[in-house]
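The following exercises ask the reader to work from atomic geometry to a description of a fold. Please examine the sequence and the structure before attempting them.

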Amino acid sequence: MTSAFRKAALTVGSTLLLTAAVAPSAEASTSASNIRYGNTGYAVSCIQKGLNLWNATVPLHTPKPALAVDGIFGNATLAMVKDYQTWSMLSVDGVVGRQTGDQLYGNFIAPIDSGCYGVVPTSW
């Protein structure tokens with residue numbers, strides 16, 4: 001296994017099927033820009049989809065109303081990114097960079113929209 005593949009495997013636990021869905025392709029998404037407050041577009045929609053899945057399915061946090069998947073990184077998306085970062089024990093800055101992207105994409109975006117690979121910043 002490559003180190004990126006191992007990292008993906010650790011990110012999603014021991015679920016090999018899901019790991020295969022997030023294995024790196026020939027084009028790594030390390031070139032994807034950080035996603036932050038004020039950004040718009042498809043990458044933001046990918047983040048919103050992943051945050052909604054996390055918000056609806058993960059225990060040990062107080063769920064919030066679902067985000068509109070509108071591709072606009074506004075106040076509600078910012079608040080949920082920070083909640084996700086807190087829950088994931090990441091640096092809480094409200095920016096979806098490689099660390100947040102690795103966790104969010106591997107666990108919550110890839111299972112519902114693998115087309116987001118390459119637009120969400122990850123280290124693979």
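Four exercises on this predicted model follow, each with a worked solution.

**Exercise 1.** Determine whether the end-to-end distance of helix 3 (residues 42-57) agrees with its expected span.

*Solution.* Step one: helix 3 has 16 residues, and at 1.5 Å a residue it should span 22 Å. The expected span is 1.5 Å times one less than the number of residues. Step two: the end C-alpha atoms of helix 3 are 23 Å apart. The two values therefore agree.

**Exercise 2.** Identify the buried residues of helix 3, the helices against which they pack, and the contribution of helix 3 to the largest nonpolar core.

*Solution.* Step one: a residue counts as buried under 20% relative accessible area. In helix 3 the buried residues are A43, V44, S45, C46, I47, Q48, G50, L51, N52, W54 and N55. Step two: the buried residues of this helix pack against helix 4 and helix 5. Step three: the largest nonpolar core comprises 24 residues, and those with the most contacts inside it are I35, I47, L51, L104, Y105, I109 and V120. Helix 3, helix 4 and helix 5 each supply at least two residues of this core, and helix 3 gives the most, with 6 residues.

**Exercise 3.** Find the salt bridges, and state which parts of the chain each one ties together.

*Solution.* Step one: the criterion is a side-chain nitrogen of Lys or Arg within 4 Å of a carboxyl oxygen of Asp or Glu. By this rule there are 2 salt bridges. Step two: K49 pairs with D113, their closest N and O atoms lying 2.6 Å apart. Because K49 is in helix 3 and D113 is in the segment after helix 5, this pair ties together parts 64 residues apart in sequence. K49 is partly exposed at 26% relative accessibility, whereas D113 is buried at 15%. Step three: D83 and K64 form a salt bridge with an N to O distance of 3.0 Å. D83 belongs to helix 4 and K64 to the loop between helix 3 and helix 4, so the pair ties together parts 19 residues apart in sequence. Both residues count as partly exposed, D83 at 28% relative accessibility and K64 at 37%.

**Exercise 4.** Describe the backbone setting of M89 and decide whether M89 is buried or exposed.

*Solution.* Step one: M89 is found in the loop between helix 4 (75-87) and helix 5 (98-109). Step two: phi of M89 is near 60 degrees, a positive value in a residue other than glycine. Step three: M89 has a relative accessible area of 76% and is therefore exposed.

Methods:
Residues numbered from 1 in each chain as written. Predicted model: local features only at pLDDT ≥ 70, side-chain atom pairs only at ≥ 80, totals over all residues. Heavy atoms only, no water. Helix = DSSP H or I, 4+ residues; strand = E, 2+ residues; numbered from the N terminus. Buried < 20%, exposed > 50% of the residue type's maximum accessible area, 1.4 Å probe, protein only. Contact = heavy atoms within 4.5 Å. Core = buried A, V, L, I, M, F, W, Y, C linked by side-chain atoms within 4.5 Å.
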